[in-house]
2 protein chains.
Amino acid sequence: MPIPILRCEKNSRTPFERFLSGAKEDLSSATKNILPILEAVRTRGDKALMEFTEKFDGIKLSSVTTNPHSVQTNIDSKTKEAFLRAKSNIEAFHEAQKRESWSKTIDGNRLGVKYTPIPSLSVYAPGGKALYPSSVLMGVIPAKIAGVGNIQLITPPQKNGLPEILIWLCQILGVNRIVTVGGAQGIAAAAYGTETIPKSEFVVGPGNAYVAAAKSYLAGQGLIGIDSPAGPSEVCIIADSSANPKWIACDMLSQAEHGEDSSAILLTTDEDFAKQVSEELEKAFIERPKRLEMKQTSIYKNSAILVFPSLEDCIWFSNELAPEHLEIQTRDNESVFAEIEHAGSVFIGPYSPVAMGDYISGTNHILPTARGSRIYSSLGVDTFLKRVTFQEVTKESLQNLYPFVKLMSELEGLDEEHGTSVKVRTEESL
Amino acid sequence: MPIPILRCEKNSRTPFERFLSGAKEDLSSATKNILPILEAVRTRGDKALMEFTEKFDGIKLSSVTTNPHSVQTNIDSKTKEAFLRAKSNIEAFHEAQKRESWSKTIDGNRLGVKYTPIPSLSVYAPGGKALYPSSVLMGVIPAKIAGVGNIQLITPPQKNGLPEILIWLCQILGVNRIVTVGGAQGIAAAAYGTETIPKSEFVVGPGNAYVAAAKSYLAGQGLIGIDSPAGPSEVCIIADSSANPKWIACDMLSQAEHGEDSSAILLTTDEDFAKQVSEELEKAFIERPKRLEMKQTSIYKNSAILVFPSLEDCIWFSNELAPEHLEIQTRDNESVFAEIEHAGSVFIGPYSPVAMGDYISGTNHILPTARGSRIYSSLGVDTFLKRVTFQEVTKESLQNLYPFVKLMSELEGLDEEHGTSVKVRTEESL
């Protein structure tokens, strides 16, 4: 039961239509379950958090927060070196995204944009098996560079205590506080605040269905801003026969390793090459059997090799799909990349497997999934900055422009006050 | 019953707390009502649109779309001149917001950001009394400058036909299509598409509760992106006794003119000045009685003059409030503006009433309300652009960084495939 190899035509959508459904997770039943939890945290604060943590995590907390800067950590130097290198690259890439406030003269007046950071942020980090310290770097660094002053980490408690690596990362990143409460109750603590936890106005980071439902519900109430919801991981690869089929197979399996609902789509014009990649996948299943069932389900059920008549059609499909990760491994990568409009992050050339961006190259790995990159961006400095626009109008310009304001406000039936607020300034001096 | 003048202290929140509730409109009952409408449009397309239009608007449509470029319009030259001047200023301000794609070398690799526009947009424009042609400029121009290729206007049909001003604006702005269907059914048409209406992946623009509920519901389903919901209009003014109390009163009434739930908050340290403004408001009610009841309800019920002990406290409150519009009219406007962190658009100095930005200065008047500017921005070019990040890793850098990727992926339990995808490239040549 190898990976499906499907001959495709742009105008005959049946073979590939299912990959374009972009279905979002249905959170309605999770939302129903979490509403009482949110209400309990809102009304009873820390006490409710402790009760839920005992009930759901089997852990009795004496305090729901930890100050990472008051804890001794002992991380080995090799681990430190790796994370510091990643931190340095991620910082360099995100520093380059910083915005300078500006102003210019337009029609006689000074107009401009002042960039200011959001006031506060909680970064959610899942616990247990899904503990990804690299995601803490990705969530916190752009916010720090944007100038967000008040950042806390929300993470489930662990039987053996908080992982040292998380505490150390919070120390070096300047995270103010760790809240050791997971699930919907952790998100509620961030959004409402409690006696010991300051309220955050923005919450980012991946989590299970209850975390996603809580984020989405509280955002709908206008209480918090959130990042776009994280669905299953995906990669799309545009490759021709100049690529190494074994490497391509490895890259597809890197996504499959995340979970059985992950997806890897190879787009090519070359059926022989498609078969070689399929064979490499089968070899890899024998050579690297860890998480075999999960990887096979992902590859056989949720992945495919689509063979299109032309490279242009491959690019067309990739733009329709708007994959979370896109790899380009062809004879002319720049020409292909020039045509890419919709993708979360793009990995160009043979030496750019997605894993490089997941950990260390410097780009952010918190990316829109489920075709989200057609309209949304990855996490970046802009996620945490706002444009405050401003204007200073001169008396002369106000006098020149008043006839236009008068006419337009009359047309909209707002001349009595809108019009007058300008008119009085043309008639009298301050 | 004059406007409330409240003596306030930062640490005693009772007098001003109600202005900080930032309550969002409850859309749950509207959402329940619109679900059958959305489903009907999804499954029966144009036929459903025509039925709803006959039912809700009392208008029989022969077609649900109009090509603005095939219609003759006859707009007088004065009106043209006003809108063209506004268009030119709005274009100049938004052109300055354009992003250049960039790349730089980080740790030996080429990393960068490519800015690309969202694929399609519908701009909703309410009809009838709330017909604001200026909002069409504000919705369409930033998207055009971002490079959005496919823009349609969604607007309710009118008994006397489409207003010529809307058709002419669509002509000069390059809007592809006018969909003459209003309410939730208009939003559904944009999100799902029909036989004659192409689907849009992004929908912006203000509307009634049904429009807002439809936008919010369809965004929650992942079908469309939307702007932040538009609540009642607000202005906050920081002023001292150097300001003209009559002008301040006019500016407050400009917001009150939008509706009885609009709000105008004056922040000052000077109680005498507060009283002068209150008197000017009373005089204005006599001199300009149009929409009197609405304006008085807004001013007496939803507005106030807050007298704080210091200018610093006024600024503190303004940042807490994060008003849609902020005017600064003091002896030292630049110092005050330097401390402003959260506001939609700021109007600096005596000659910058909000009406100038509403119509003609060039800034966008589609702004976050209900404290939304603490985390969100006004509509701008960035609303319609995405950051596609990219990287091209060199063989040498991959070899240097592999030990770090190995360690980090082991720590996260993802070494088998993530680690291997990098490792194979250090061992073999392409």
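Biologist: What makes Phe16(A), Phe308(A), Trp316(A) and Phe317(A) a cluster?

Modeller: Ring pairs do: they link these four residues of chain A to one another. Bear in mind that this is a predicted model. Over all chains, a search of the whole structure turns up 22 aromatic pairs.

Biologist: Why is the aromatic pair of Phe308(B) and Phe317(B) called tilted?

Modeller: Their ring centres are 5.7 Å apart, and rings pair if the centres lie within 6.5 Å, so the two count as a pair. The planes make an angle of 40°. Stacked would need under 30 degrees and edge-to-face over 60, so this pair ends up as tilted. Phe308(B) and Phe317(B) are both buried, too.

Biologist: How do you know how chain A and chain B are related?

Modeller: Lay chain B on chain A: a turn of 180° with a shift of 0.0 Å along the axis does it, and the RMSD is 0.0 Å. The two copies are therefore related as by a two-fold rotation axis.

Biologist: And what tells you which surface the copies meet through?

Modeller: Of the interface residues of chain B, 100% are interface residues in chain A as well, so the copies meet through the same surface.

Biologist: What does chain A look like on its own?

Modeller: Chain A has 15 helices and 15 strands. Its C-alpha trace spans about 85 × 60 × 45 Å along the principal axes. Of its 430 residues, 59% are buried. The chain is divided into domain 1 (28-226), domain 2 (231-375) and domain 3 (395-427). Between the C-alpha centres of domain 1 and domain 3 of chain A there are 47 Å.

Biologist: Which residues does the UniProt annotation "active site" cover?

Modeller: According to that unreviewed entry, Glu324(A) and His325(A). Glu324(A) sits in the loop between α11 (311-321) and β13 (325-329) of chain A, while His325(A) is in strand β13.

Biologist: Why do Glu324(A) and His325(A) count as buried or exposed?

Modeller: Buried means under 20% relative accessible area. Glu324(A) comes in at 7%, so it is buried. His325(A) has 3%, so it is buried as well.

Biologist: What makes the approach of the Glu324(A) side chain to Glu234(A) a polar contact?

Modeller: The side chain of Glu324(A) reaches the backbone nitrogen of Glu234(A) at 2.9 Å. The cut-off for a pair of N or O atoms is 3.5 Å, so that distance fits. Glu234(A) also has its backbone oxygen 2.8 Å from a polar side-chain atom of His325(A), and that is within 3.5 Å too. Further contacts of Glu324(A) include Gly344(A) and Thr369(A), and those of His325(A) include Cys236(A), Gln255(A) and Asp358(A).

Biologist: Which residues does UniProt list for "binding site", and where do they lie?

Modeller: The unreviewed entry lists Gln255(A), His258(A), Asp358(A) and His418(A). They span 164 residues in sequence and their farthest two C-alpha atoms are 57.0 Å apart, so they do not all gather at one spot.

Biologist: What does His418(A) touch, then?

Modeller: Among its contacts are His258(B) and Asp358(B). In addition, His258(A) touches Leu414(B) and His418(B), among others. His418(A) lies in helix α15 (residues 415-427) of chain A, whereas His258(A) is in the loop between α8 (245-256) and β11 (263-268).

Biologist: Why is His258(A) called partly exposed, and how does His418(A) count?

Modeller: Partly exposed is the range between under 20% and over 50%. His258(A), at 28%, falls in that range, so partly exposed is the label. His418(A) has a relative accessible area of 0%, under the 20% cut-off, so it is buried.

Biologist: What about Arg425(B): where is it placed, and which residues is it in contact with?

Modeller: Arg425(B) is in helix α15 of chain B. Its contacts include Trp247(A), Asp251(A) and Tyr351(A), along with Lys395(B) and Leu398(B). With 0% relative accessibility against a cut-off of 20%, Arg425(B) counts as buried.

Technical notes
Residues are numbered from 1 along each chain as its sequence is written. Chains are lettered from A and ligands numbered from 1 in the order in which they are written. This is a predicted model: local features need pLDDT of at least 70, side-chain atom pairs count only at pLDDT 80 or more; totals for chains, interfaces and linings use all residues. Side-chain values use heavy atoms; hydrogens and water are left out. Copies are superposed by least squares on the C-alpha atoms of residues with pLDDT of at least 70 in both. Contact means heavy atoms within 4.5 Å. Domain bounds come from an automatic or database domain assignment. UniProt positions are given in the numbering used here, feature names are shortened, and annotations may be inferred rather than shown by experiment. Helices (H or I, at least four residues) and strands (E, at least two) are DSSP runs, numbered from the N terminus. Buried means under 20% relative accessible area, exposed over 50%, partly exposed in between (1.4 Å probe, protein chains only). A polar contact is a pair of N or O atoms within 3.5 Å; within protein, one must be able to donate a hydrogen and the other to accept it, and residues adjacent in sequence count only if both atoms are side-chain atoms. Rings of Phe, Tyr and Trp (its six-membered ring) pair if their centres lie within 6.5 Å; planes under 30 degrees apart count as stacked, over 60 as edge-to-face and the rest as tilted. Lists of a residue's contacts leave out its neighbours within four places in sequence.
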